[in-house]
Amino acid sequence: METTKTFQELGVSEEILRALEKKGVAMPTRVQEEAIPPLLAWRDVIAKAPTGTGKTFAFGIPMIEHIDPQSDDLQGLILAPTRELAIQIAKVAQSLSAAADISSLVIFGGQDIERQKQKLRRHPQLIIGTPGRLLDHLRRQTIDLSQVNKVVLDEADEMMRLGFIEDVETLLEATAADRQLMLFSATMPDRVKALSARYMTAPQNLEIKSEHVTLDAIDQVIIDTREETKIDKLCEIINQEQPYLAMVFCHTKQRAHMVTMALAARGYLVDELHGDLSQVQRTLVLKRFRKAELQILCATDIAARGLDIEGVTHVFNYDIPHDAESSIHRIGRT
């Protein structure tokens with residue numbers, strides 16, 4: 001089903017329309033068409049939407065529209081489960097916030113906390129961040145959430161899986177009592193439903209089905225192998241296929257490290273990406289991969305969301321994904 005309304009018809013302001021035009025965004029996606037009007041009307045919204053449907057603009061546009069550029073208060077908060085996703089959201093948000101003369105800041109663990117404190121003293125009006133580091137600032141009293149009346153939880157199911165729900169609840173308790181809450185999630189586990197029941201007021205429920213999950217153009221192949229021959233089989237396929245850039249997904253940091261070491265020992269240009277690396281290390285690895293100084297990146301599911309790297313021709317599920325959603329996120333990297 002095609003969208004029928006333009007951004008202008010959805011009530012988007014001229015400044016934001018111009019910013020969207022600059023980015024080459026002409027027509028809203030289904031989730032944008034359905035979420036923007038109730039969010040602009042200050043309704044709480046629960047949107048169940050798969051990856052790749054345009055969620056960031058769906059919550060980002062109303063968030064920016066509702067922030068008062070004349071006030072120095074922190075007014076909007078977008079929570080994301082991983083640094084990579086927070087950075088990706090921040091890139092989108094910054095293009096919109098600049099058009100509306102709004103100051104935004106991205107905050108996550110691994111960055112220098114003193115530098116973050118300095119940036120917080122400059123009164124950002126919108127913050128995009130990961131729950132752990134934001135909670136750290138809240139406890140240090142270096143961030144004041146009392147005037148935040150717009151909160152987005154992006155990929156709430158992933159936040160629950162990573163154990164952030166308690167942190168999220170503590171952060172929500174610190175925001176304004178009359179806040180608007182926007183919850184975006186690919187799946188709706190019971191814990192996420194309980195969170196929405198506790199913190200939301202008469203939310204509008206949206207369910208966006210992907211008309212065709214964005215996998216049609218991806219060839220998927222199943223390789224029959226055993227654990228003891230997996231590395232040999234992986235190398236055999238890499239040699240046959242000669243990928244320009246390849247990602248190899250593993251369940252754990254230890255597995256990703258083990259596969260990286262095994263491939264490096266055989267002469268491949270390979271490195272690893274997982275939660276044990278510092279932010280500086282992650283940035284360096286991704287920079288080398290983007291520049292094709294590495295051919296293979298062995299990663300945990302931390303890299304399955306929020307990474308957009310041109311030139312990835314092959315994705316290997318060294319360990320089978322936990323569920324269909326994880327699989328879609330992983331293979332969507334190509």
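**Exercise 1.** In this predicted model, decide whether R255 is buried or exposed, then find the residue with which R255 forms a salt bridge.

*Solution.* Start with the accessibility: R255 has a relative accessibility of 19%. Buried means under 20%, so R255 counts as buried. Next, look for the partner: R255 forms a salt bridge with E227, and the closest N and O atoms are 2.8 Å apart. This pair links distant parts of the chain, with E227 in the loop between β7 (204-207) and α10 and R255 in helix α11, 28 residues apart. E227, at 44% relative accessible area, is partly exposed. Finally, widen the view: salt bridges that share partners join E227, K230, R255 and D319 into one network.

**Exercise 2.** Work out how many residues apart E114 and K117 are in helix α5, and which of these two side chains is buried.

*Solution.* The two side chains meet in a salt bridge of 3.2 Å, N to O. E114 and K117 are 3 residues apart in helix α5 (residues 113-120), so about one helical turn separates them. Now check each end: E114 is partly exposed at 43% relative accessibility, whereas K117, at 17%, is buried.

**Exercise 3.** Find the order of the strands in the open sheet, and explain why one side of β9 and of β11 is left without a neighbour.

*Solution.* Trace the 4 strands: the order is β9-β10-β8-β11, with parallel pairing. β9 (270-273) and β11 (312-317) stand at the edges with a single partner strand each, so one side of each lacks a neighbour in the sheet. Then add the helix that holds R255: α11 (residues 253-265) lies across β8, β9 and β10, at about 175° to β9.

Terms used. Residues are numbered from 1 along each chain as its sequence is written. This is a predicted model: local features need pLDDT of at least 70, side-chain atom pairs count only at pLDDT 80 or more; totals for chains, interfaces and linings use all residues. Side-chain values use heavy atoms; hydrogens and water are left out. Two strands pair if DSSP finds at least two bridges between them. Helices (H or I, at least four residues) and strands (E, at least two) are DSSP runs, numbered from the N terminus. Contact means heavy atoms within 4.5 Å. Axes are lines fitted to C-alpha atoms, for helices over the stretch in contact, and angles run from 0 to 180 degrees between N-to-C directions. A salt bridge is a side-chain nitrogen of Lys or Arg within 4 Å of a carboxyl oxygen of Asp or Glu. Buried means under 20% relative accessible area, exposed over 50%, partly exposed in between (1.4 Å probe, protein chains only).
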